[in-house]
Amino acid sequence: MKHAFEAGCPAPGALHLARDRFEKARELNPGYTDALAYLGYTLWRQGQLDEAAECLKKTLSLDSGQPLAHYFLGLVFRSQGRADLAVGEFQEAIRQDPENPAFHADLAKAFSMLRDYNAAMASMERASTLAPDDAEILKQSAQFYLDHLLRPDQALALANRVVALAPQDAQGLDLLGWASYLNRDSPGARAWLEKAIALQLELASAHYHLAVVLEHTGHRQEAWPHYLQAKDLDGGGYYGNRAADALERLAREDPEQRPAIERYLRF
């Protein structure tokens with residue numbers, strides 16, 4: 001099994017239909033543990049963490065040789081903030097299916113929650129080695145390094161590979177732009193980030209990253225509209241909050257732009 005979800009996981013908008021089908025499959029064949037495992041995954045996607053955990057534990061009580069069930073349970077534990085338990089489930093999934101790159105990538109994220117960054121980097125490197133042509137896995141790897149400010153050179157190499165594989169992927173271009181900036185290539189960063197925004201205007205992270213690049217290269221007047229876009233697009237999320245902080249700072253520090261910034265911020 002190359003990927004975790006080859007069996008065909010439901011899109012977010014169809015989760016209720018998937019849940020209904022997995023429940024019916026389970027009713028028709030109580031011994032069909034695959035359906036029970038995917039029901040647990042669907043419950044996790046719906047945010048019903050306790051129900052998902054119970055469903056997956058039941059799956060494993062019926063058949064402990066289910067790497068996907070261990071993996072899904074690891075996802076649930078990680079969402080609950082129980083990173084130590086998540087690590088154990090991901091490691092068991094890997095023991096049963098060592099060539100699945102998604103298992104290694106999510107193990108890395110659990111290790112990072114425990115601040116075991118050496119183990120996290122080793123797991124993420126294993127994931128990208130197993131899937132050298134999988135843009136999604138490579139994006140996860142690049143994002144991991146960038147989120148934790150670990151090895152920006154490695155993040156840049158991974159992001160370049162993502163863009164080579166998927167040149168119209170706005171998220172990949174955003175990663176490449178931010179990695180370029182962290183590797184002291186501001187002109188390249190600006191070009192990649194502008195391309196990302198042109199492809200996906202609503203990508204809050206790209207607006208925030210472009211604003212940072214513009215501000216730190218002396219283009220404050222061009223920066224604040226992108227901070228504003230990030231704030232509006234991401235609301236109270238990570239990029240939205242950071243953009244709001246930056247806008248408040250710019251309003252304090254730049255008297256000429258303060259009226260315009262404050263008008264949009266609605267202080």
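**Helix packing and the largest pocket**

The buried residues of helix α7 are covered by elements that include α6, α8 (135-147) and α9 (152-165). This description rests on a predicted model. In α7, the buried positions are Ala119, Ala120, Met121, Ser123, Met124, Ala127, Ser128 and Leu130. Helix α7 covers residues 117-130, and because a rise of 1.5 Å a residue gives an expected span of 20 Å for its 14 residues, the 20 Å between its end C-alpha atoms agrees with that expectation.

A second helix, α5, was examined in the same terms. It is formed by residues 83-96 and has 14 residues. From the first C-alpha of α5 to the last, the distance is 20 Å, close to the 20 Å expected at 1.5 Å a residue. Its buried residues are Ala83, Ala86, Val87, Glu89, Phe90, Ala93 and Ile94. Among the elements that cover these buried residues of α5 are α3 (49-62), α4 (67-79) and α6 (101-113). Helix α6 thus appears in the cover of α5 and also in that of α7.

For the protein as a whole, the secondary structure consists of 15 helices and zero strands. Of its 267 residues, 49% are buried. Of the contacts between residues at least 6 apart in sequence, 50% join residues at least 24 apart. The accessible surface amounts to about 13,000 Å², and carbon and sulfur atoms account for 50% of that surface.

Attention then turns to open space at the protein surface. Rolling a probe the size of a water molecule over the atoms shows where empty space is left. The largest pocket has a volume of about 360 Å³. Its lining comprises 18 residues, and those nearest the centre of the pocket are Lys139, Gln140, Gln143, Asp147 and Leu175. At least two lining residues are supplied by each of α6, α8, α10 (170-182) and α12 (204-216). Helix α8 provides the largest share of the lining, with seven residues. Helix α8 is also included in the cover of the buried residues of α7.

The confidence of the prediction was considered last. The mean pLDDT of the protein is 88, with 84% of the residues at 70 or more. Over residues 1-10, by contrast, pLDDT stays under 50. The model nevertheless contains 29 contacts beyond four places in sequence for residues 1-10. Where pLDDT is low, the predicted coordinates should not be read in detail.

Conventions: Residues are numbered from 1 along each chain as its sequence is written. This is a predicted model: local features need pLDDT of at least 70, side-chain atom pairs count only at pLDDT 80 or more; totals for chains, interfaces and linings use all residues. Side-chain values use heavy atoms; hydrogens and water are left out. Helices (H or I, at least four residues) and strands (E, at least two) are DSSP runs, numbered from the N terminus. The expected span of a helix is 1.5 Å times one less than its number of residues. Buried means under 20% relative accessible area, exposed over 50%, partly exposed in between (1.4 Å probe, protein chains only). Contact means heavy atoms within 4.5 Å. Accessible areas come from the Shrake-Rupley method with a 1.4 Å probe; for residues, only the protein chains shown count as cover. pLDDT is the predictor's confidence in each residue, from 0 to 100. On a 1 Å grid over the protein atoms alone, a cavity is a set of points where a 1.4 Å probe fits but cannot get out, and a pocket is an open set with protein on both sides within 12 Å along at least five of seven lines; lining residues have an atom within 4 Å of a point. Grid points are joined across faces, edges and corners, and a volume is the space filled by probe spheres set on the points.
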